[in-house]
Amino acid sequence: MIGYFRRNHFVPVPEVSSLAELNEMVEQWDRQDDARRIGARSKTVAECFALERPLLMPLPEEPFETGRLFTPRVDRYGQIPVRTNRYSVPIRLIGKRVRVVLHASHLVVYDQNVEVARHERLIAKGAVRLELDHYLEVLVRKPGAFPGSTALEQARSAGRFTPVHDAWWAQARKVHGERDGTRALIEVLLLGRHLPHEHIVAGLAAALRAGAMTADAVALEARKAAQAETEPAPAGQPLSGKPPANVTSLHEWKLSHLPPDTRPLPSVAPYDQLLRRRRVSGGDHREGEAQ
């Protein structure tokens, strides 16, 4: 079947843009092949396999690791060489050896036993795949390197850096200047380590409509978007439409969530006694001078 499948589906070699697209085509060909009859057999391939399935041994409980193991060292650019290509890892791992498991369509990077990076495997030789999140700690200290970085261009191409990001960034630079506006955007990107990407995009859109160009405002709106997904909409409120463009500052939000203060107001009555004593002592002093 392997030879039949290769001759009938991979000759000529199909042209695809990614391994994921090729895998989808293979699955579709596999489903079509289930209806094929081999020679003069009365049953199809799928019907024959249904008879054979009960006679097969069960699959193992633990999956068999099919990836190839590498242990490269992270260079000063926060990248590791795997075969003929390079991949980024968090910059805190510079100088350390990491463990890489290379699969047919992706690779996983481990520091000790903790997964620290996952990339789609590159097919072309000499290519580089960079994750913008891996360089944010450096970029927040050097925001001038952010606009022309390769990691930013790859994030745009992958759809992780959306037009909403660009619009908010442009407005932030107008309000705070190039350096501080870019640093504010990087602080927003750091929120992606704790909040889902779609909630951050919603927070950016809400903050942009209200003219709130701070990372705190985006974080607050992103959490409100996450809360709106888990809580039912109040009665009478439409489920669709743009949300109101009112952004509460983080300081006001914290104050509104404090418990009520039941302590009594302070009194200044004891201080009045001190004032009376001062007047009396001053009068006694003047009488002594007159005598």
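Helix 5 (150-158) contributes five residues to the lining of the second largest pocket, the most of any element. Helices (H or I, at least four residues) and strands (E, at least two) are DSSP runs numbered from the N terminus. The model is predicted: local features need pLDDT of at least 70 and side-chain atom pairs count only at pLDDT 80 or more, while totals for chains, interfaces and linings use all residues. Residues are numbered from 1 along each chain as its sequence is written, and side-chain values use heavy atoms, with hydrogens and water left out.

The second largest pocket has a volume of about 700 Å³. Its lining comprises 26 residues, and E131, L132, D133, A155 and R160 are the closest of these to the pocket centre. Strand 6 (114-120), strand 7 (128-129), helix 5, helix 7 (178-190) and helix 8 (197-210) each supply at least two lining residues. By class, the lining holds 13 nonpolar, six polar and seven charged residues. Here Ala, Val, Leu, Ile, Met, Phe, Trp, Tyr, Cys and Pro count as nonpolar, Asp, Glu, Lys and Arg as charged, and the others, Gly among them, as polar. A pocket, on a 1 Å grid over the protein atoms alone, is an open set of points where a 1.4 Å probe fits, with protein on both sides within 12 Å along at least five of seven lines; lining residues have an atom within 4 Å of a point. The volume is the space filled by probe spheres set on the points, which are joined across faces, edges and corners.

Strand 7 also belongs to an open sheet of three strands in the order 2-3-7, with mixed pairing. Strand 2 (79-82) and strand 7 are the edge strands, each with a single partner, so one side of each has no neighbour in the sheet. Strand 3 (residues 85-88) pairs with strand 7 in the parallel sense over two bridges; two strands pair if DSSP finds at least two bridges between them. Y87 has R129 of strand 7 as its bridge partner.

Strand 6 belongs to an open sheet of four strands, ordered 1-4-5-6 and antiparallel in its pairing. Strand 1 (68-70) and strand 6 stand at the edges with a single partner strand each, so one side of each is left without a neighbour in the sheet. Strand 1 pairs with strand 4 (residues 99-102) in the antiparallel sense over three bridges, and R68 stands opposite L102 in strand 4.

The whole structure contains 11 salt bridges, a salt bridge being a side-chain nitrogen of Lys or Arg within 4 Å of a carboxyl oxygen of Asp or Glu. Among them are the following pairs.

| Salt bridge | Distance, N to O |
|---|---|
| R36 and D33 | 2.8 Å |
| E221 and K224 | 3.1 Å |
| R173 and E178 | 3.8 Å |

Accessibility is classed as buried (under 20% relative accessible area), exposed (over 50%) or partly exposed (in between), with a 1.4 Å probe and protein chains only. D33 is buried at 8%. E221 is also buried, at 8%, whereas K224 is partly exposed at 34%. E221 and K224 lie three residues apart in helix 9 (residues 215-230), so about one helical turn separates them. R173 is partly exposed at 25%, and its partner E178 is exposed at 52%. D133, E137 and R193 are linked in a network of salt bridges.
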